Amino acid sequence: MFYTPEEYSIKDEQGKPFIDSQEIIEFLNNANPTKEEVSEVIAKSLGKKRLSLQETAILLKADSPELIAEIKKAAQTLKNNVYGDRIVLFAPLYIGNKCTNNCEYCGFRVTNKDQQRITLNSEQIQNEVKMLQDTGHKRLILVYGEHSDYSPEYMAQSVREVYKVKSGNGEIRRVNINAAPLSLEGFKIVKDSGIGTYQIFQETYHPETYAKVHTGGKKKNFNNRLTALDTAMQAGIDDVGIGALFGLYDWRYEVMAMVRHVNHFEAVFNVGPHTLSFPRIQNASQLNIDEKHFVSDEDFVKLVAILRLAVPYTGLILTAREPVNIRKEVLTYGVSQIDGGTNIQMSGYSKQSSDNQDLNLEQFEISDTRSLGEVIEELIDSDFMPSFCTACYRLNRTGEHFMEFSVPGFIKRFCGPNAILTMAEYLEDYATPEVKEKGYESIVRKMAKNDITNKEALQKKLDKIKAGERDLFF
Ligand code: SAM
Ligand code: SF4
């Protein structure tokens, strides 16, 4: 059942536009939640059911300290029930910062003449990937501006380049992409290079605001952007990531719209997006955005908890844009993936210049400049289990197929043990002696817990890793 982009993306099965600003605003205006209503919505979410727009609006409008505390507590419980204590780690790698669009929030926009334009050649890609592998990374997200130089063929080639690099025991096992919309053919070409998730953020789901902040290039077209991931799904990329850039328009509206977008994918493709991203605007070279809708720390933490409750089975990604204290807090409320050791300067990993951010060589400023080792140590100290797992994607447990497994128990049977296995690889190959000791202590603690089902098989695999075998998973 496929539609043309115009048909399926703007309208869904009820014949209504799938992002209907008026509808979202009405839901928000009409929600005037009582304590009982909030508790009812929370109970539904804890039953691992996605919330409707009306229910999401109830949580978004709950603003007494008591209700917010209840929402955060529930998000924490849901996160533990669905995801356990694992946190998936990745790193971004910027391949090229040429861009023909003019997004007023982005340092790469075409009118920013201060930005130095760089596209990594194959040797430079290899150098960056080697540096990333040597710190322990297994999962990358490649980032590109929108430019004719970054054709689907070029992108596919750069993905293959990344997979080819092998440094010591290191390898990249999953390459995701964040880039502009492609044609159906284009998405197919990129898919064939073996990518995991394709991310495209709508930035803002509010059409008037969208028009105000996208002042040049193809990205000006709101609907084209909105339909892009439907085209990716048609092309067979069944892991897609959506997102909104928080700070452009009212944060409650954007949360509602993201839930609507999830619901659209479920209605049309029978599977939601794989991940949700919710970056907040950071400083950038020639940033040109009114601060009116910037999101406070307090609201940001709340929005993460509400997103967790609204879409229980969608991964939530948080990046190094956020400072360490916020990262730490929202990990407990629902974030399931973070980056570590991030450097977004062009060729930044091989230059090892994380202390000096140069905004004319990068898209925006990041706040968490810790090394991957430091991030991992903190996760272990906070009783999380860092994970580099890529098993589902490599066993084809993705998209609709994956949804079949996303039932209680699956994550504990596969993801938990796989997190431990990839963590053990990290401890053997990249950790300092101190972190190695702490890491193994944490593994022993986790294995003593009852929520790992196949302990014996896991122990056998762990012994093999200690003996030098790699890439073992369930
Ligand atoms: N050119 C691709 C595109 O526009 O889809 C890649 C996007 S960019 C590398 C990834 C995301 O970074 C954007 O979609 C946007 O949400 C976010 N971003 C851009 N400028 C930002 C800023 N100043 N602060 C925080 N995030 C920003
Ligand atoms: Fe280009 Fe993307 Fe930046 Fe917009 S957000 S200017 S499309 S790199």
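**Pocket, cavities and ligands in a predicted model**

Student: Which element supplies the largest share of the lining of the second largest pocket?

Tutor: In this predicted model, local features need pLDDT of at least 70, side-chain atom pairs count only at pLDDT 80 or more, and totals for chains, interfaces and linings use all residues; side-chain values use heavy atoms, with hydrogens and water left out. Residues are numbered from 1 along each chain as its sequence is written, while chains are lettered from A and ligands numbered from 1 in the order in which they are written. Four residues form the largest share of this lining, and they come from α15.

Student: What is the volume of the second largest pocket, and which elements give two or more residues to its lining?

Tutor: On a 1 Å grid over the protein atoms alone, a pocket is an open set of points with protein on both sides within 12 Å along at least five of seven lines, a cavity is a set where a 1.4 Å probe fits but cannot get out, and lining residues have an atom within 4 Å of a point. The volume (the space filled by probe spheres set on points joined across faces, edges and corners) is about 440 Å³. Of its 22 lining residues, T135, G341, S371, L372 and G373 are the closest to the centre. The elements with two or more residues here (helices, H or I, of at least four residues and strands, E, of at least two, as DSSP runs numbered from the N terminus) are α6 (122-135), α14 (348-351) and α15 (372-381).

Student: How much space lies in the largest cavity?

Tutor: The count comes to six cavities of 30 Å³ or more. The space in the largest of these is about 650 Å³.

Student: Which residues are the closest to the centre of the largest cavity?

Tutor: Two elements, β1 (86-96) and β2 (139-144), give two or more residues each to the lining of the cavity. This lining divides into 22 nonpolar, nine polar and eight charged residues (Asp, Glu, Lys and Arg are charged; Ala, Val, Leu, Ile, Met, Phe, Trp, Tyr, Cys and Pro nonpolar; the others, Gly among them, polar). Of the 39 lining residues, the closest to the centre are Y94, V143, N178, R321 and Q363.

Student: Which space is taken by ligand 2?

Tutor: The residues around ligand 2 (those with a heavy atom within 4 Å) include C99, C103, Y105 and K219. By class, this shell has five nonpolar, three polar and two charged residues. A molecule sits in a cavity if more than half of its atoms lie within 2 Å of its grid points, and the space taken by ligand 2 is the largest cavity.

Student: How much of the accessible area of ligand 1 does the protein cover?

Tutor: Ligand 1 takes the space of the largest cavity, with 20 residues around it, among them Y105, V143 and E203. Polar contacts (N or O atoms within 3.5 Å) join an oxygen atom of ligand 1 to the side chain of K219 at 2.9 Å, and a nitrogen atom of ligand 1 to the side chain of R321 at 3.0 Å. A backbone N or O atom of Q282 lies 2.9 Å from a nitrogen atom of the ligand. Of the 570 Å² of accessible area that ligand 1 has on its own (Shrake-Rupley method, 1.4 Å probe), the protein covers 97%.

Student: How much space lies in the second largest cavity?

Tutor: Its lining includes F90, R139, H274 and Q337, and β2, β3 (174-178) and β4 (195-199) each supply at least two of its residues. By class there are three nonpolar, six polar and two charged residues. The space in this cavity is about 70 Å³.

Definitions and conventions: Polar contact = N/O pair within 3.5 Å; in protein donor to acceptor, adjacent residues only side chain to side chain.
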